[in-house]
Amino acid sequence: MKPLSDTRLGRRLSRRDWLRTGGVFGLAGMTGIPALLANRGDHSADAPAARNAKHIGPPTGAMHTVGTVDHAANGFDPMEMLTDFDYGEVSTLPDGRVVRDFTIVAQDKEIEIAPGMFFPAWTYNGQVPGPTIRATVGDRIRIRFRNEGSHPHTIHFHGWHPSGMDGSFPDQQVSPGEEFLYEFDAEPVGLHLYHCHTFPLKAHIHKGLYGAFIIDPKTPRPPALELVMTMNGFDTNFDGENEVYAVNSVAFHHMHSPISVKVGETVRIYLLNLTEFDPVNSFHLHASFFDVFRTGTRTESDEFTDTVHFGQGERAILEFKFRWPGRYMFHAHQSEFAELGWMGFFDVMEQV
Ligand SMILES: [Cu+2]
């Protein structure tokens, strides 16, 4: 079903070879991976594509998966994840400063990343990405980290913190069954991230141990519809290349469930790239342009464009408004990523 190697030729098939040989057609039948892909290639009666097309619906060229992901079983819903901000348990220090207490637990967990396609993830709090940690600049952050997974893990936060809180050194690894308390002040203002910093990093990050860390300025940003989108990918056959791409883990989710916005409403996307294996990922918005606040550290827009490209760990706040009602696509501008899951729709309604 998933030919990792061609023993006859004695060489490993690359993902692209695999797509060309029709491997994905078997995948399409098994998992609902897009009818779009099933429509490529040989359509003769005996071709796997034709056989599987019968199971996954008519060859409409529809650009999404067929079937549904069980979000309840996953324990997270990509739509809810867009606006799910964890502000922690709030208390105050004697000097009046705000303290935010969080608990993050590392757990091994199988997650469904496309209908019928499961990935053996390593998670923070059972979800990929982990919870979006949010604070105001200057707040004290305390994160009680418990490792209930099968491997050593850490949490390495981007932002200011002393060396002892870095979560990257050999003596800072948290073994299964152990705990560590990360404590530091939230600074600087910006859109940051956190991720496991255990070697090999590419395995620990790709398995799902990452999340967004937003530090708001003292004067809040203007009101907007705020959405967190973490661009990610999954290497489902462990060949060092991703077979599935998404924002917030579930391929094509917003093709089935478009994001509702209003004409003239400010949309603010906290966009991060945590894709492993590929050097860049990108975001392109149809029929509109957006301001780009790189790393979210400054209040002036760095750029006005319709496409941004990020290396891993790179992130920016995007702000835009739609002028007209209707359906507008957003997707990676690496067409291959888009066709393997990283695309979605905004549904724009008239203001009432
Ligand atoms: Cu780890």
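Trainee: What share of the contacts in the protein with a separation of 6 or more comes from residues 24 or more positions apart?

Mentor: Such residues account for 69% of those contacts. Please keep in mind that this is a predicted model.

Trainee: How many helices and strands does the protein have, and what percentage of its residues is buried?

Mentor: The protein has nine helices and 23 strands. Of its 352 residues, 43% are buried.

Trainee: Why is asparagine 281 called buried?

Mentor: A residue counts as buried if 20 or more other C-beta atoms lie within 10 Å of its own. Asparagine 281 has 27 C-beta neighbours inside 10 Å, so it counts as buried.

Trainee: Where is asparagine 281 found, and which residues does it touch?

Mentor: Asparagine 281 is found in strand S17, residues 281-285. Not counting residues up to four places away in sequence, asparagine 281 touches Met231, Asn273, Thr275, Phe310, Ala332 and Phe337. Its C-alpha atom is separated by 9.7 Å from that of glycine 233, 48 residues apart along the chain.

Trainee: Why is asparagine 237 called partly exposed?

Mentor: The partly exposed class lies between the exposed limit of 12 or fewer C-beta atoms within 10 Å and the buried limit of 20 or more. Asparagine 237 has 17 other C-beta atoms within 10 Å, and is therefore partly exposed. Asparagine 237 is found in the loop between strand S13 (225-234) and S14. Asparagine 237 and phenylalanine 119 are 118 residues apart in sequence, with 9.5 Å from C-alpha to C-alpha.

Trainee: What makes strands S14 and S19 edge strands?

Mentor: They belong to an open sheet of six strands with mixed pairing, in the order S14-S13-S16-S21-S18-S19. Strand S14 (244-247) and strand S19 (303-305) each pair on one side only, and are the edge strands. Neighbouring strands of this sheet are turned by 25° against each other on average, direction ignored.

Trainee: How do you know that S18 and S19 pair?

Mentor: Two strands pair if there are at least two bridges between them. Strand S18 (residues 290-294) and S19 have three bridges, in the antiparallel sense, so the criterion of at least two is met. In S19, threonine 305 is the bridge partner of phenylalanine 290.

Trainee: What makes S3 and S7 a pair?

Mentor: Two bridges join S3 and strand S7 (residues 132-136) in the parallel sense, and at least two are required, so they pair. Phenylalanine 85 stands opposite threonine 132 in S7. S3 belongs to an open sheet of five strands with mixed pairing, in the order S3-S7-S12-S11-S9. Its edge strands are strand S3 (85-86) and strand S9 (156-157), each of which pairs on one side only.

Trainee: What joins S4 to S5, and what do these strands form?

Mentor: Strand S4 (residues 89-92) and strand S5 (residues 98-114) run antiparallel and are joined by four bridges. They form a hairpin with five residues between them, and glycine 96 in the turn has a positive phi of about 90°. Serine 91 has valine 99 in S5 as its bridge partner.

Trainee: Why is the largest nonpolar core said to lie between two domains?

Mentor: This core has 79 residues, and Ile113, Val244, Tyr270 and Trp342 have the most contacts inside it. Domain 2 (78-216) and domain 3 (225-349) both give residues to the core, so it lies between them. Among the residues that valine 244 touches are Ile113, Ala114 and Leu340.

Terms used:
Residues numbered from 1 in each chain as written. Predicted model: local features only at pLDDT ≥ 70, side-chain atom pairs only at ≥ 80, totals over all residues. Axes fitted to C-alpha atoms, helices over the stretch in contact; angles between N-to-C directions. Core = buried A, V, L, I, M, F, W, Y, C linked by C-beta atoms within 7 Å. Domains from an automatic or database assignment. Contact = placed C-beta atoms within 7 Å.
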